[in-house]
Amino acid sequence: MKRVSSKRPSPALVISILALFVALGGSAYAANKIGTNDIKANAITAGKIKKNAVTTAKIKSNAVTGAKINEGTLGAVPNATNAVNAVNATNAVNSTNFSRYVSTGLVRASAGHNVLVLQDGPFAVTGHCLDLGGGAVRAFAVLTTDQPGSSASEGDGNAYVNADFDPGDELEIGFSAEGSGPQSNDTYGGYYDSFTAASGDAHTFLNGEIASAINYYGATCSFWGHAVNNA
């Protein structure tokens, strides 16, 4: 009959097995017991953090400051959007209002010539430089229209055409400057140089001033002024 060996494990084998269990138990213990104080300062680098591992819930309130934010990635907050809209609306109104304003600049003419001074809607103002002979000239401005049923008046109230200012009609506006020496009717003030003109379709309602001068600003005749379309 075969005998079963009763040979005991060697001391070296026992020590090896014990060492293995201690090592395994120690690792489990370390994994469960490592705390904040056990981590060296600056030991965890960006490369060691898993992508998308840091969530909103893990960020302390007010921890991320403005200096750390890329402003270009942010949309407009509601109040800022409203402010931008308000500015854009104001700019649009200002642009529309400014487009209603017409300034002639200085328009020059030589004796015997006519020049276009202002044009808006169906209305035009022409400057006439009439040669009177003997070195004398007369500068005056004339308002015309290309729309039937228009209305017009000149500043001092001596001429007023109500809904009967038609193509081919002419209305002299402001005082004329006449003679051989320097002269300007602008010295009389805006009241006498002013005019109004309303189109028959009510799309143009001009209120403006036109001045005339002779032998001023290096020209035989000079004209200048402005108008606003109030329609």
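**Exercise 1. Locate His203 in this predicted model and decide whether the residue is buried or exposed.**

Solution. Begin with the secondary structure: His203 sits in the loop that runs between β10 (194-198) and β11 (205-216). Next, consider the accessibility. The relative accessible area of His203 is 59%, and the exposed class begins over 50%. His203 is therefore exposed.

**Exercise 2. Determine which residues His203 touches, not counting residues up to four places away in sequence.**

Solution. With those sequence neighbours set aside, His203 touches Asn229 and Ala231. A C-alpha distance can then be added for another residue, Asn230: its C-alpha atom is separated from that of His203 by 9.0 Å, and the two residues are 27 apart along the chain.

**Exercise 3. Establish where Ser194 is found, how it is classed by accessibility, and which residues it contacts beyond four places in sequence.**

Solution. First, the element: Ser194 is found in strand β10. Second, the burial class: the relative accessibility of Ser194 is 17%, and the limit for a buried residue is under 20%. Ser194 therefore counts as buried. Third, the contacts: once neighbours within four places in sequence are left aside, Ser194 is in contact with Glu154 and Gly155, and also with Gly208 and Glu209.

**Exercise 4. Find how many disulfides the whole structure contains, and characterise the bonded pair.**

Solution. A search of the whole structure returns 1 disulfide. The bond joins Cys129 to Cys221, with an S to S distance of 2.0 Å, which satisfies the criterion of within 2.5 Å. The pair links distant parts of the chain: Cys129 belongs to strand β4 (residues 123-133) and Cys221 to strand β12 (residues 219-229), 92 residues apart.

The handedness follows from the torsion. About the S-S bond of Cys129 and Cys221 the torsion is about 70°, so the disulfide is right-handed.

The accessibility of each cysteine completes the description. Cys129 has a relative accessible area of 1% and is therefore buried. Cys221 is likewise buried, its relative accessible area being 0%.

**Exercise 5. Summarise the protein chain as a whole: its secondary structure, its burial, its contacts and its surface.**

Solution. Count the elements: the protein chain has 3 helices and 12 strands. Then take burial: of the 231 residues, 26% are buried. For the contacts, consider those with a separation of 6 or more; residues 24 or more positions apart account for 52% of them. Finally, the accessible surface comes to about 15700 Å², and carbon and sulfur atoms contribute 55% of that area.

Conventions:
Residues numbered from 1 in each chain as written. Predicted model: local features only at pLDDT ≥ 70, side-chain atom pairs only at ≥ 80, totals over all residues. Heavy atoms only, no water. Helix = DSSP H or I, 4+ residues; strand = E, 2+ residues; numbered from the N terminus. Buried < 20%, exposed > 50% of the residue type's maximum accessible area, 1.4 Å probe, protein only. Contact = heavy atoms within 4.5 Å. Areas by Shrake-Rupley, 256 points an atom, 1.4 Å probe, with all protein chains shown as cover.
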